[in-house]
Number of protein chains: 2
Amino acid sequence: MPRKLSPEKREQFLDSALNLFVANGVKNTSTAAIAKDAGTASGTFFLYFPTKQDLINELVTQIGRQQSEYITSLLAASLSVWETFFTIWYGSIRWFLDNREAYQYFRQVRDSGLIAPEVVRESEQYFEYYYQAIQRGLNEDLIKPYPMELIGSLLYQDIVAVMNLLTAEPDPDQQENLIQFGFSIFWDGIKTE
Amino acid sequence: MPRKLSPEKREQFLDSALNLFVANGVKNTSTAAIAKDAGTASGTFFLYFPTKQDLINELVTQIGRQQSEYITSLLAASLSVWETFFTIWYGSIRWFLDNREAYQYFRQVRDSGLIAPEVVRESEQYFEYYYQAIQRGLNEDLIKPYPMELIGSLLYQDIVAVMNLLTAEPDPDQQENLIQFGFSIFWDGIKTE
DNA sequence: ATATAATGAGTGAGCAGTCAGTCATTATAA
DNA sequence: TTATAATGACTGACTGCTCACTCATTATAT
C-alpha cells in the first residue's frame with residue numbers, strides 16, 4: 001500500500017479509468033490512455049498501481065464498498081422487514097442511477113473473466129445486509145422459507161432487471177413506476193400469505 | 001456468406017472458439033489458437049470468417065437461435081398460461097445446463113461491450129416467445145397488468161439468478177428444488193390473486 | 001488443366017511494463 | 001542564512017511480446 005504519492009492523484013487514475021473502461025471497454029483501454037486522461041506521463045501510472053490488473057480489481061471493490069456504505073447508511077434497526085427490503089431495493093437502484101458508470105462497469109466486468117474469482121468473492125462480502133434482511137424476514141415468518149442464497153440472488157438480479165429497463169427509460173414518472181412495480185413483483189414472490 | 005468451404009469445418013471453428021473463449025476469455029484467445037484447436041493452419045480461419053469479430057457475433061446469434069428453437073419446440077398451443085411459463089422456465093434452465101459453455105459465453109459477452117449493440121438487439125428477437133406468453137397471461141387476467149418488458153426482464157434475470165446458483169450446486173435434488181422454488185417466487189410475483 | 005482450398009511465414013500495429021534520467025522540494029551542514 | 005546534499009515523484013522513450021490479418025506458395029479435387 002503506497003502511503004506517499006498523493007491520494008488525490010490515485011483517485012484521479014481510478015476516475016479516468018472508470019470513464020474510459022465504460023466508454024471503450026477494459027481491454028481496449030491502455031494504461032497510457034488512462035495516464036494521459038489523468039494528466040500524467042505514462043510511466044506515472046505504475047507508481048500508483050503495480051499492474052493494470054490491480055487497478056481493475058480495485059475499481060470493483062471500491063464500487064462494492066461505496067454502494068454498500070450508502071445502503072447501510074439508509075438502514076435503521078427500527079425499520080420493518082418490508083421497509084428494510086424496500087430500502088435496499090430503492091437505495092440500490094438510486095445509487096446505481098446516480099453512479100451509472102459504476103453500474104455499467106460492474107456489469108461489464110463481473111462475469112467477464114477479467115477478475116480473479118477471489119476478488120469477485122471478496123466484493124460479494126459487501127452484500128451482507130441482504131442476508132441480514134432475509135434472515136429477519138424468515139425469523140418473523142414474513143417471507144417464505146426458501147434458501148437464503150436463492151432469495152438473495154433473485155433480489156440482486158431483479159434489481160439488475162429493473163436497472164436495465166431504466167437505462168432506456170428517460171421519463172422520471174415511468175422510471176418511478178418501474179421501480180415500484182418491480183419491487184411489488186419481488187415482494188409478492190417471497191412474502192408469506 | 002461463404003457457400004463453398006465445408007460447413008462442418010465452419011462448425012468446428014465455432015465449437016473450438018466457444019471452448020477457448022469460455023476457458024480463457026475472448027480477448028485472450030487468438031485466432032491462431034482457434035485455428036490450431038480446429039485442426040487447421042492459422043490462415044484458414046479467415047477463409048471462413050472475414051474477421052474475428054464476425055465469429056464472436058455469430059456465436060451469440062447461434063446460441064440465441066438454438067436455445068430459442070429448443071424452447072419453442074416444447075411449447076404447444078394447448079398449454080395453459082402457467083404451463084407455458086413453467087415450460088419456458090424449465091426449458092431455458094435445462095438447455096443452459098446442457099450447454100453450460102453457451103451460457104457462460106452468453107453471460108460473459110452480453111454486457112461486455114465486445115458486441116455491437118445491433119447484434120445484441122438482433123439476438124433479443126429470439127425471446128419473442130417470452131412476450132407471447134406474457135400477452136396471453138395478460139389477456140386471460142392471470143398475471144398482473146405490469147409493463148410487458150418489466151415482466152420479460154424479470155423472467156430472464158430470475159432464470160440467470162437460478163442458473164448462477166445451479167452452477168455451484170452439484171446435488172441434482174437440490175438443483176431440482178432451486179429450479180422449482182425459483183419458479184414459485186417468480187410466478188407468485190406476477191400472478192393475479 | 002484449372003479452380004478452389006489450405007498453408008504458415010510474414011507484417012505492422014498496439015500494449016504492459018521498464019528504466020535511466022530530470023527537477024522541485026526538503027534535510028543537513030557551515 | 002546560505003550552500004550543498006539527498007530524496008523521490010515524475011517523465012517518456014524504449015523493449016519485448018502478442019495478435020489480427022495478408023499473401024505468395026502449395027496441395028487437392030474435378
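Colleague: How far is that phosphate oxygen of DNA strand D from the polar backbone atom of T31(B)?

Modeller: The two atoms are 2.8 Å apart. That sits inside the cut-off for a polar contact, a pair of N or O atoms within 3.5 Å (within protein, one must be able to donate a hydrogen and the other to accept it, and residues adjacent in sequence count only if both atoms are side-chain atoms). Bear in mind that this is a predicted model, where local features need pLDDT of at least 70, side-chain atom pairs count only at pLDDT 80 or more, and totals for chains, interfaces and linings use all residues. Residues are numbered from 1 along each chain as its sequence is written, chains are lettered from A and ligands numbered from 1 in the order in which they are written, and side-chain values use heavy atoms, with hydrogens and water left out.

Colleague: And on chain A, what do Y48(A) and G43(A) reach?

Modeller: Y48(A) has a polar side-chain atom 2.6 Å from a phosphate oxygen of the strand. G43(A) goes to a base instead: one of its backbone N or O atoms lies 3.3 Å from a base nitrogen of strand D.

Colleague: How many residues surround strand D altogether?

Modeller: There are 17, the closest being A41(A), T44(A), Y48(A), T31(B) and K52(B). Near means a heavy atom within 4 Å of the strand. Of the strand D atoms that come within 4 Å of the protein, 69% belong to sugar and phosphate.

Colleague: What's the mix of nonpolar, polar and charged there?

Modeller: Five nonpolar, nine polar and three charged. Ala, Val, Leu, Ile, Met, Phe, Trp, Tyr, Cys and Pro count as nonpolar, Asp, Glu, Lys and Arg as charged, and the others, Gly among them, as polar.

Colleague: Switching to chain A: how many helices and strands?

Modeller: 10 helices and zero strands, taken as DSSP runs numbered from the N terminus (helices H or I, at least four residues; strands E, at least two). Of its 193 residues, 50% are buried, meaning under 20% relative accessible area with a 1.4 Å probe, protein chains only (exposed is over 50%, partly exposed in between).

Colleague: Which residues are buried in α8(B)?

Modeller: Y129(B), Y130(B), A133(B), I134(B) and G137(B). They lie on the same side of α8(B), because they cover an arc of only 140° around the axis, taken from the directions from the helix axis to the C-beta atoms.

Colleague: What covers them?

Modeller: The cover includes α4 (52-74), α5 (81-98) and α9 (148-166) of chain B. After α8(B) comes D141(B), with a positive phi near 55°.

Technical notes:
Contact = heavy atoms within 4.5 Å.
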